[in-house]
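Trainee: I am new to this structure and would like to go through it step by step. Could you show it to me before we begin?

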Amino acid sequence: MGIRQRAVLLALVPAALIASALAFYYSFHGLATLDAELQRRGMTIVQYLAPASEYGVISGNGSSLQALAQAAMQQPDVRAVVIADSRGRVLAISGRTTIQADVLEREGKSEGLLASGPDWFAYGAPILRSRLEIDDFQDFNLSPRPNGAVSADLVGHVYVEISSGELRQRKIELLLNTLLILLGGLLVTAIMAMRLVRSVTRPVQRLVQAVGQMAGGNLEARVAQSSGGELGDLEHGFNHMATRLQDLHDTMQERIADATAQLAHQASHDPLTGLINRREFERRGEAALLSARDEGERHVLCFVDLDRFKIVNDTSGHGAGDELLRQITHLLQQRVRSHDLLARLGGDEFGILLENCSLEDATQVMDALRQAVEAYRFAWGDHVFSIGASIGLVVIDRQVKSLVEAMAAADQACYAAKELGRNRIHVFQVGDQELSRRQGEMDWASRIATALEEKRLLLYAQPVVPLVTGAGAGLRFEVFLRLLSEQGEMVMPETFLPAAERFDLMPALDKWVIEAACLGLRRLLERGSQHQLLCAINLSAQSATRPEMLHYIGAQLARHGIPPAALCFELTEAAASHNFSEVVSFVQGLRHLGCGFALDDFGSGLSTFTHLRTLPPDYVKIGGSLVRDMADDRISLTLVRAIHDITRQMGVMAVAENVDRADTFAALREVGIEYGQGHWFESPRPFEDWLSGCEERFAKHGEGFYTLAPGRS
């Protein structure tokens with residue numbers, strides 16, 4: 001039940017109980033009063049008739065008695081009157097009696113209520129002789145009657161039968177009146193209670209409705225302050241609370257709106273430069289592409305990549321690089337139109353969308369921008385840096401199928417500008433050889449990643465043979481990487497390694513080669529001496545500049561139980577020159593592990609003779625171009641002799657590559673080169689096959705079988 005029903009019930013129940021009790025009391029009292037009144041009436045009638053009948057009874061005057069009886073019958077509730085003498089003989093009768101004659105004769109001499117029925121009452125009274133007080137004596141011989149009357153004075157009796165119908169009617173009326181009064185009182189009480197309850201519950205209901213509205217989100221809900229006392233205080237408190245809640249909600253909504261706007265701005269803008277980011281640039285680029293398709297408009301998409309930005313970061317830190325990007329952003333904003341789109345795509349790359357612009361105008365605008373960047377000087381501390389911009393352009397018209405295609409073309413054109421010498425503009429053209437090469441490298445990057453996942457990399461091996469006495473016995477070999485295409489064809493490294501280097505996939509390939517080589521060495525170590533094995537592994541410049549590669553090498557040695565001296569890592573002379581300080585740290589780490597180090601393709605740049613002091617390798621591998629020509633070209637022979645003389649004085653072993661002819665082999669032995677490798681000894685074979693052949697030779701000849709290739713002397 002609600003509060004209103006409970007309040008009404010609380011008001012009505014006590015009133016109903018009290019009214020019911022009073023009605024019961026007064027009804028019972030009224031009924032008793034009516035019964036007593038009827039009894040008094042009956043007694044009054046018989047007590048009146050008894051003295052009036054004395055003379056007629058004594059004189060035997062029946063007519064007077066009959067007249068007296070009929071006169072009594074005139075009363076509305078008298079049904080019968082009987083007058084009898086003392087012997088019970090009826091002297092007069094009027095009406096029809098209900099009581100039997102014998103009962104009347106037996107009970108009729110009594111006084112009072114003689115009998116009763118459902119709708120009648122019978123009363124009787126004796127008829128006594130009246131006495132005249134003539135003398136002063138009393139007759140003591142008269143015997144008293146049982147009821148106190150003197151028997152000598154009894155001359156007869158009177159019987160009156162009275163109907164109770166009127167009494168019953170009066171009782172019914174009494175009960176009906178009482179019930180009506182009760183119902184009327186309850187009705188009045190209910191009306192008053194409801195009015196009282198309404199005056200209390202109506203404000204409460206208004207409060208409940210207001211609370212429900214607030215719970216539903218309507219914070220403007222208020223209640224009318226029309227009550228007094230505690231209810232008035234409650235209404236005032238609710239309105240005050242609602243006002244505070246609405247104020248807090250409005251404040252919170254404003255903060256949420258500000259935060260949402262800020263998040264939306266952060267989601268679409270670069271926090272460093274304030275420019276839109278790649279996602280927003282692509283979204284707006286899609287709209288430009290639609291306008292080109294539907295309305296025939298022409299736009300130009302430009303990719304800008306800063307040249308020599310890495311030097312600023314490496315020299316002065318990322319703080320300097322961030323400040324440079326902010327200043328370059330300001331410079332770019334001054335060179336483009338207000339409705340053009342300028343975005344930072346990531347790192348030092350920017351994207352520009354020149355809307356409704358021809359290729360000729362776009363080229364002029366971007367060339368002016370390039371010149372502004374080239375002329376700009378960035379000062380940081382004691383350093384002043386000059387940078388450039390390589391820019392790629394692509395036209396967006398109805399021929400462009402998707403924005404992804406357009407952005408890929410702009411990216412390729414930008415990289416082509418870098419490849420062609422940096423700080424220049426390159427326009428994307430279908431069939432451009434440079435762009436085709438770039439696209440091919442991108443395709444190969446994806447194919448290399450897939451080959452790694454599908455385990456389609458292969459390892460080949462070729463022995464390194466001692467050429468002179470005392471060069472050292474044992475098994476020395478170099479491993480080479482190959483790739484198996486999707487069609488099962490062999491792919492040589494010069495086809496896919498440039499793409500791997502450009503897209504930073506070389507460390508993953510180098511790790512695969514190191515693990516595969518360690519697995520093969522484990523097999524050989526189980527058959528031969530640990531001090532008679534040396535495996536040469538080529539490393540890329542990307543791997544040699546990463547400290548984590550040293551941790552990986554150490555982990556593989558420990559995992560497969562390989563002695564560190566069994567591995568010799570080769571790094572090309574060009575790679576060592578490009579990142580010399582980092583290579584020095586890497587070589588020191590290799591020596592700390594106990595591994596060997598070799599300078600590969602040595603002689604291609606004689607300026608690196610100075611590196612031999614800083615990077616004293618264990619081996620120097622003479623470039624194949626010098627070795628191939630030394631039998632026919634005296635200059636090549638002289639260079640090979642010079643390299644060998646220097647390495648011998650430094651205690652470094654020399655290895656000749658590409659020994660493919662007998663005369664080359666003879667010339668190398670004459671010079672005294674310690675080791676050689678090439679097709680004249682043995683062509684590279686799949687590592688698995690090569691290992692199986694070595695295991696067979698170990699079983700047949702022992703550890704020292706590989707002084708020269710079989711059949712060569």
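**A walk through the model**

Mentor: Let us start inside a sheet, where strand 6 and strand 11 run antiparallel and are joined by 9 bridges; helices (H or I, at least four residues) and strands (E, at least two) are DSSP runs, numbered from the N terminus, and two strands pair if DSSP finds at least two bridges between them. This is a predicted model, in which local features need pLDDT of at least 70 and side-chain atom pairs count only at pLDDT 80 or more, while totals for chains, interfaces and linings use all residues. Residues are numbered from 1 along each chain as its sequence is written, and side-chain values use heavy atoms, with hydrogens and water left out.

Trainee: Which residue of strand 11 does Phe303 stand opposite?

Mentor: Strand 6 covers residues 299-307 and strand 11 covers 388-396, and the two run antiparallel. The residue of strand 11 opposite Phe303 is Gly392.

Trainee: Which strands are at the edges of the open sheet with mixed pairing?

Mentor: This sheet has 5 strands in the order 7-8-6-11-12, and its twist averages 20° from one strand to the next. An edge strand here pairs on one side only, and the edge strands are strand 7 and strand 12.

Trainee: At about what angle does helix 11 run to strand 11?

Mentor: Axes are lines fitted to C-alpha atoms, for helices over the stretch in contact, and angles run from 0 to 180 degrees between N-to-C directions. Helix 11 lies across strand 6, strand 8, strand 11 and strand 12, and its angle to strand 11 is about 145°.

Trainee: How far apart are the end C-alpha atoms of helix 7?

Mentor: The expected span of a helix is 1.5 Å times one less than its number of residues, so the 18 residues of helix 7 (residues 278-295) should span 26 Å. The computed distance agrees with that expectation, at 25 Å.

Trainee: Which elements do the buried residues of helix 7 pack against?

Mentor: Buried means under 20% relative accessible area, exposed over 50%, and partly exposed in between (1.4 Å probe, protein chains only); the buried residues of helix 7 include Glu280, Phe281 and Gly285. Counting contact as heavy atoms within 4.5 Å, these buried residues pack against helix 6, strand 6, strand 7, strand 8, strand 11 and helix 11.

Trainee: What is the order of the open sheet with antiparallel pairing?

Mentor: Strand 2 and strand 3 stand at the edges of this sheet, each with a single partner strand, so one side of each is left without a neighbour in the sheet. Strand 1 pairs with strand 2 over 5 bridges, with Ala84 opposite Val90. The order of the 5 strands is 2-1-5-4-3.

Trainee: How many disulfides does the structure hold?

Mentor: A disulfide is a pair of cysteine sulfur atoms within 2.5 Å, whereas the sulfur of Cys595 is 8.6 Å from the closest cysteine sulfur, in Cys518, too far for a bond. Both residues are buried, Cys518 with a relative accessible area of 0% and Cys595 with 5%. The number of disulfides in the structure is 0.

Trainee: Of the 713 residues in the protein, what percentage is buried?

Mentor: The protein as a whole has 23 helices and 23 strands. Of its 713 residues, the buried ones make up 43%.
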